[in-house]
Amino acid sequence: MNFHVITLFPEICEAYTSASVLGRAQKTEKGKGAKHRGKKIEVKYYNPRDFAKGKHAKTDDRPYGGGPGMVMYAEPILKAWEKAVGKKKDQKKIKTLIMAPRGKAFTTKMAKDLAKKYEHLVLISGRYEGIDSRVQKILKAEEVSIGDYVLTGGELPALTIIDSVSRQVPGVLGTFESLEEERVSSGEMYTRPEVLEYKKKKHKVPPVFLSGNHAEIEKYKSSSK
Ligand code: SAH
């Protein structure tokens, strides 16, 4: 899966996508017996500022019809999109999503479908009041929201989608983690020490976790969700 992120702030996203599971998924695996040896995902960034005109490389302007705030120009974003996937032959394998608080609510089901159907996901991240609507119309992009709240930019939404879709790409998670994924929430969990002393009080791991009886452990976990 190739992710292409169009954002005015690539540097705040890169730190997240280069760490941990996502970072590993962008490298070729060396060890023997690795089932999916190649890179599983790739994340590239495109800054509309690099495609903007004039000495000041302006990327936004006042809205037609009035109202508060600034609107991001369509052209630098369209040019960034061209650079990302404009030359790709199989346009059916490309999906463009615009981060928007009023968009379709993002879910695990969407993540699974996107991972299955597409090879390139272009994630367009807005700032200020949002993006000139002609971008959505021209690219026939889908507007997606990660939740019923308004953020200052589309960077966290784009990262959320990359993270969640990557988990659905074969080989990104280990086999065990993938199994865990199927259960979505595994309820309570504990690790060492068996007795945690905090502010003079002792906090024990519930005995069932030490029983070795997996059926009982599962029962306890699902009842504690
Ligand atoms: N006044 C605008 C708010 C824009 S928020 C409005 O009501 O639409 C600025 C940018 O942040 C948006 O363009 C979008 O890309 C992103 N954004 C904010 N909240 C979001 C959410 N919940 N889901 C997806 N993107 C969001």
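This report describes the cores, the largest pocket and some individual residues of a predicted model.

**The nonpolar cores**

The largest nonpolar core of the model has 27 residues. Within this core, the residues with the most contacts are Phe3, Ile41, Phe106, Leu123, Ile161 and Val165. Two or more residues each come from strand S1 (2-6), H2, S2, S5, helix H4 (108-117), strand S6 (120-124) and H6. Of these elements, H6 gives the most to the core, with 5 residues.

Ile41 may serve as an example of how distant parts of the sequence come together. When neighbours within four places in sequence are left aside, Ile41 is in contact with Met1, Phe3, Leu22, Ala25, Gln26, Ser166, Val169 and Val172. A second core, separate from the one already described, has 20 residues. Leu78, Ala80, Trp81 and Val122 are included in this second core.

**Helices H1 and H2**

Helix H1 spans residues 10-17, and Pro10, Cys13 and Thr17 are buried in this helix. Viewed down the axis of H1, the buried residues fall within an arc of 70°, so they line one face of the helix. These buried residues of H1 pack against helix H2 (20-25), strand S2 (42-46) and helix H6 (155-166).

Leu22 is found in helix H2. With a relative accessible area of 6%, Leu22 is buried, because the cut-off for a buried residue is under 20%. Not counting residues up to four places away in sequence, Leu22 touches Tyr16, Thr17, Ile41, Ile162, Asp163 and Ser166. The contact between Leu22 and Ile41 thus appears in the list of each residue.

Helix H2 also holds Ser20. In contrast to the buried Leu22, Ser20 is exposed, with a relative accessible area of 54%.

**The largest pocket**

A computed probe offers a way to look for open space in a model. Rolling a probe the size of a water molecule over the atoms shows where empty space is left. In this model, the largest pocket contains about 600 Å³ of space. Its lining is made up of 26 residues, and Met99, Ala100, Pro101, Glu129 and Gly130 lie nearest the centre of the pocket.

Strand S5 (94-105), strand S7 (130-131) and strand S8 (142-145) each supply at least two residues of the lining. The greatest share comes from S5, which gives 5 residues. By residue type, the lining divides into 12 nonpolar, 9 polar and 5 charged residues.

Pro101, one of the residues nearest the centre of the pocket, has its place in strand S5. Pro101 is partly exposed, with a relative accessible area of 48%. Apart from neighbours within four places in sequence, Pro101 is in contact with Ser145, Tyr149 and Val150.

Gly130, also among the residues nearest the centre of the pocket, is in contact with Met70. Met70 itself is found in the loop between strand S3 (60-61) and strand S4 (71-72). With a relative accessible area of 26%, Met70 is partly exposed. The other contacts of Met70, leaving aside its neighbours within four places in sequence, are Asp60, Asp61, Arg62, Tyr128 and Glu129.

**Residues brought together by the fold**

The table lists pairs of residues with their separation along the chain and the distance between their C-alpha atoms.

| Pair | Separation in sequence | C-alpha to C-alpha distance |
|---|---|---|
| Met70 and Gly130 | 60 residues | 7.6 Å |
| Pro101 and Gly154 | 53 residues | 8.9 Å |
| Leu22 and Val43 | 21 residues | 9.3 Å |

**Unusual backbone geometry**

Most residues other than glycine have a negative phi, and most peptide bonds are trans. Where does the model depart from this pattern?

Ser20 has a positive phi of about 55° although it is not a glycine. Lys140, likewise a residue other than glycine, has a positive phi near 50°. Lys140 is found in the loop between helix H5 (134-139) and S8. At 71% relative accessibility, Lys140 counts as exposed, because the cut-off for an exposed residue is over 50%.

The peptide bond between Arg192 and Pro193 is cis, with omega about 0°. Pro193 lies in the loop between helix H7 (175-182) and strand S9 (195-198).

Technical notes:
Residues are numbered from 1 along each chain as its sequence is written. This is a predicted model: local features need pLDDT of at least 70, side-chain atom pairs count only at pLDDT 80 or more; totals for chains, interfaces and linings use all residues. Side-chain values use heavy atoms; hydrogens and water are left out. Buried means under 20% relative accessible area, exposed over 50%, partly exposed in between (1.4 Å probe, protein chains only). Helices (H or I, at least four residues) and strands (E, at least two) are DSSP runs, numbered from the N terminus. The arc is that of the directions from the helix axis to the C-beta atoms. Contact means heavy atoms within 4.5 Å. On a 1 Å grid over the protein atoms alone, a cavity is a set of points where a 1.4 Å probe fits but cannot get out, and a pocket is an open set with protein on both sides within 12 Å along at least five of seven lines; lining residues have an atom within 4 Å of a point. Grid points are joined across faces, edges and corners, and a volume is the space filled by probe spheres set on the points. Ala, Val, Leu, Ile, Met, Phe, Trp, Tyr, Cys and Pro count as nonpolar, Asp, Glu, Lys and Arg as charged, and the others, Gly among them, as polar. A nonpolar core is a set of buried Ala, Val, Leu, Ile, Met, Phe, Trp, Tyr and Cys residues joined through side-chain atoms within 4.5 Å.
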